Amino acid sequence: MASDWSDPRPMSPHLQVWRWHATMASSILHRATGIANYIGAVAISVWIILLAFGAEGWVGFLFEGWMAWVTRFGLILLTYCISYHWLNGLRHLVWDFGKGYDPAGSNLRSYLIIIAAVIPTALLWLNLGA
């Protein structure tokens, strides 16, 4: 029998029960910040190696003119990624002890961690700017 696009039945029964929730967003963000942390670590390592070899001119453009703002934004974003990944890692550690699996509490903690990661980022960068 040929497929009829006007068929009201869903392709999968999971589409009727699946809903976006904070714990899922937190899991995706945890993976994304993990990748960003690796990329940031490699970039900072390359920068330190270039400085050690006396290549200040090669990396100087990162801190001059409009590029300084791009560099600063990238470092602030990396700081948030590190903060978030660390805080969410603590949540995973609590899960390893068999605690915190209740759906409502888990969603609330996901929101709190996403927001709370701003605090160490802001504290660090506001102190650096002073």
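Read from one end of the sequence to the other, the protein chain follows the pattern α-α-α-α-α-α. The model described here is a predicted one, and in it the protein chain has six helices and zero strands. Of the 130 residues in the protein chain, 24% are buried. Among the contacts with a separation of 6 or more, 72% are made by residues 24 or more positions apart.

## Helices α2 and α4

Helix α2 covers residues 22-52, and its 31 residues should span 45 Å at 1.5 Å a residue, which agrees with the 43 Å that lie between its end C-alpha atoms. Helix α4 covers residues 66-96 and also has 31 residues, with an expected span of 45 Å, and its end C-alpha atoms are 45 Å apart, in agreement with that expectation. After each of these helices comes a glycine with a positive phi: G54 follows α2 with a phi near 80°, and G98, just after α4, has a phi of about 80°.

The buried residues of α2 are A22, T23, M24, S26, H30, T33, G34, N37 and G40, and they pack against α4 and α5. In α4, the buried residues are M67, T71, L78, T79, Y80, C81, S83, Y84, N88, R91 and W95; what covers them includes α2, α5 (103-116) and α6 (118-129).

## How the helices pack

Two packed helices are described by the angle between their axes and by the distance between those axes. The table gives both values for three pairs.

| Helix pair | Angle between axes | Distance between axes |
|---|---|---|
| α2 and α4 | roughly 130° | within 8 Å |
| α2 and α5 | about 45° | 8 Å |
| α5 and α6 | roughly 10° | within 5 Å |

The axes of α2 and α4 cross at roughly 130°, and that angle makes α2 oblique to α4. The crossing in which α2 passes α4 is left-handed. On the α2 side, the residues in contact are T23, S26, L29, H30, T33, G34, A36, N37, G40 and I44, and these meet L75, L78, Y80, C81, I82, Y84, H85, N88, G89, R91, H92 and W95 in α4. Sorted by class, the contact of α2 with α4 has 10 nonpolar, 11 polar and one charged residues.

Helix α2 also packs against α5, at an angle of about 45°, and this makes α2 oblique to α5. The crossing of α2 and α5 is left-handed. Here A22, T23, S26 and L29 of α2 meet S106, N107, S110, Y111 and I114 of α5, and the residues of this contact divide into four nonpolar, five polar and no charged.

For α5 and α6, the axes cross at roughly 10°, so α5 is roughly parallel to α6. Their contact is made by I114, I115 and A116 of α5 together with V118, I119 and P120 of α6. By class, the contact of α5 with α6 has six nonpolar, no polar and no charged residues.

## Three residues in their surroundings

T33 has its place in helix α2, and its relative accessible area of 2% means that T33 is buried. When residues up to four places away in sequence are not counted, T33 touches C81, Y84 and H85, and these three residues are listed among those of α4 that meet α2.

Y80 has its place in helix α4 and counts as buried because its relative accessibility is 17%, with the limit for buried residues set at under 20%. Leaving aside neighbours within four places in sequence, Y80 is in contact with L29, I114, A117, V118 and T121. Of these partners, L29 belongs to α2 and I114 to α5, while V118 belongs to α6. Although Y80 and V118 are 38 residues apart along the chain, their C-alpha atoms are separated by 6.3 Å.

F61 lies in the loop between α3 (56-60) and α4. At 46% relative accessibility, F61 counts as partly exposed. The C-alpha atoms of F61 and T71, which are 10 residues apart along the chain, are separated by 9.7 Å, and T71 is one of the buried residues of α4.

Key. Residues are numbered from 1 along each chain as its sequence is written. This is a predicted model: local features need pLDDT of at least 70, side-chain atom pairs count only at pLDDT 80 or more; totals for chains, interfaces and linings use all residues. Side-chain values use heavy atoms; hydrogens and water are left out. Helices (H or I, at least four residues) and strands (E, at least two) are DSSP runs, numbered from the N terminus. Buried means under 20% relative accessible area, exposed over 50%, partly exposed in between (1.4 Å probe, protein chains only). Contact means heavy atoms within 4.5 Å. The expected span of a helix is 1.5 Å times one less than its number of residues. Axes are lines fitted to C-alpha atoms, for helices over the stretch in contact, and angles run from 0 to 180 degrees between N-to-C directions. Angles under 35 degrees count as roughly parallel, over 145 as roughly antiparallel, 65 to 115 as roughly perpendicular and the rest as oblique. A crossing is left-handed if the near helix is turned anticlockwise from the far one by less than a right angle, and right-handed if clockwise. Ala, Val, Leu, Ile, Met, Phe, Trp, Tyr, Cys and Pro count as nonpolar, Asp, Glu, Lys and Arg as charged, and the others, Gly among them, as polar.
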